[in-house]
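Trainee: I want to test the labels used for this protein. Let me ask how each one is justified.

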Amino acid sequence: MKLIDLATELERQVAAKRDLIVPAKMMHSATLESRHCGLVVDEAEGAVRYPLSELACSQLAKKLNIPFTYFKLMREQSPELLDQNINGWLRINAPDSSWCVRSTAGRGRSCPRVTVAWTTSISP
């Protein structure tokens, strides 16, 4: 990749990124039949689903104290149970907290690396 191509790609990524501070009560998990996890955020213009990368799923599981092996098992065998677990632990672990989420072109991401997809909670 040439330096100019790298600069163009970085500019594209900067323009496409969107940082959100989302109260836990305004988001929930929605796993598709295809077993792709997503985070649905209630935004002013309506609910928006952000697909989560495998790393994002790992970070979310860690933050909610769900063993990742169990997370993956639920995702493959019982996506409804996975969503119930994620949504339940979001409400129990930090019902009044907000979460910093970075999305890039509709794909959930987080600072500081573009391959990371989930960050930590922020207390009010």
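What follows is a short exchange that sets values against the terms used for them.

Mentor: Keep one thing in mind: this is a predicted model. Start with the inventory. The protein has 4 helices and 7 strands. From the N terminus, the elements run α-β-β-β-β-α-α-α-β-β-β.

Trainee: What makes β3 and β4 a pair?

Mentor: Pairing takes at least two bridges between two strands. Strand β3, residues 38-43, shares 6 bridges with β4, in the antiparallel sense. The count meets the cut-off, so the two strands are paired. One of the matches puts L39 with Y50 of β4 as its bridge partner. G38 stands opposite P51 in β4. A hairpin of 2 residues joins β3 to β4.

Trainee: How do you know that β2 and β3 pair?

Mentor: Apply the same test. β2 and β3 have 3 bridges between them, again antiparallel. At least two are needed, so this pair also qualifies. H28 stands opposite V40 in β3.

Trainee: Why are β2 and β4 called edge strands?

Mentor: Look at the order first. The sheet is open, with 3 strands in the order β2-β3-β4 and antiparallel pairing. β2 (27-29) and β4 (46-51) each have a single partner strand, so one side of each has no neighbour in the sheet. From one strand to the next, the twist averages 25°.

Trainee: What makes β3 mostly covered?

Mentor: Of its 6 residues, 5 are buried. For the protein, buried residues make up 37% of the 124 residues.

Trainee: Why is N87 called buried?

Mentor: Its relative accessible area is 19%. Buried means under 20%, so N87 falls in that class. N87 is found in helix α4. Not counting residues up to four places away in sequence, N87 touches H28 and S29.

Trainee: Which other residues of α4 are buried, and what do they pack against?

Mentor: The buried set is P79, L82, D83, N85, I86, N87 and L90. These residues pack against β2, α2 (54-63), α3 (68-77) and β5 (98-104).

Trainee: How do you know that the span of α4 agrees with its residue count?

Mentor: Helix α4 covers residues 79-93, which is 15 residues. At 1.5 Å a residue, the expected span is 21 Å. The end C-alpha atoms are 21 Å apart, so the two values agree.

Trainee: Why is α3 called oblique to α4?

Mentor: The packing angle is about 135°, and the axes are 5 Å apart. Roughly antiparallel needs over 145 degrees, and roughly perpendicular runs from 65 to 115. An angle of about 135° fits neither class, so α3 is oblique to α4. On the α3 side, the contact is made by Y70, F71, M74, R75 and Q77. On the α4 side, P79, L81, L82, N85 and I86 make it.

Trainee: Which residues touch the most other members of the largest nonpolar core?

Mentor: They are M27, L64, I66, F71, I86 and W99, in a core of 22 residues. At least two core residues come from each of β1 (17-23), β3, α2, α3, α4 and β5. α2 gives the most, with 4 residues. Take I66 as a case. Leaving aside neighbours within four places in sequence, I66 is in contact with A61, F71, M74, N85, I86 and W89.

Trainee: What share of contacts links residues 24 or more positions apart?

Mentor: Among contacts in the protein with a separation of 6 or more, these account for 51%.

Trainee: What is notable about the phi of R35, and why is R35 called partly exposed?

Mentor: R35 has a positive phi of about 75°, although R35 is not a glycine. R35 lies in the loop between β2 and β3. Its relative accessible area is 27%. Buried is under 20% and exposed is over 50%, so 27% makes R35 partly exposed.

Trainee: Why is N65 called exposed?

Mentor: Its relative accessible area is 65%. The cut-off is over 50%, so N65 counts as exposed. N65 lies in the loop between α2 and α3. N65 is not a glycine either, and has a positive phi of about 60°.

Conventions
Residues numbered from 1 in each chain as written. Predicted model: local features only at pLDDT ≥ 70, side-chain atom pairs only at ≥ 80, totals over all residues. Heavy atoms only, no water. Axes fitted to C-alpha atoms, helices over the stretch in contact; angles between N-to-C directions. Expected span 1.5 Å × (residues − 1). Buried < 20%, exposed > 50% of the residue type's maximum accessible area, 1.4 Å probe, protein only. Contact = heavy atoms within 4.5 Å. Core = buried A, V, L, I, M, F, W, Y, C linked by side-chain atoms within 4.5 Å.
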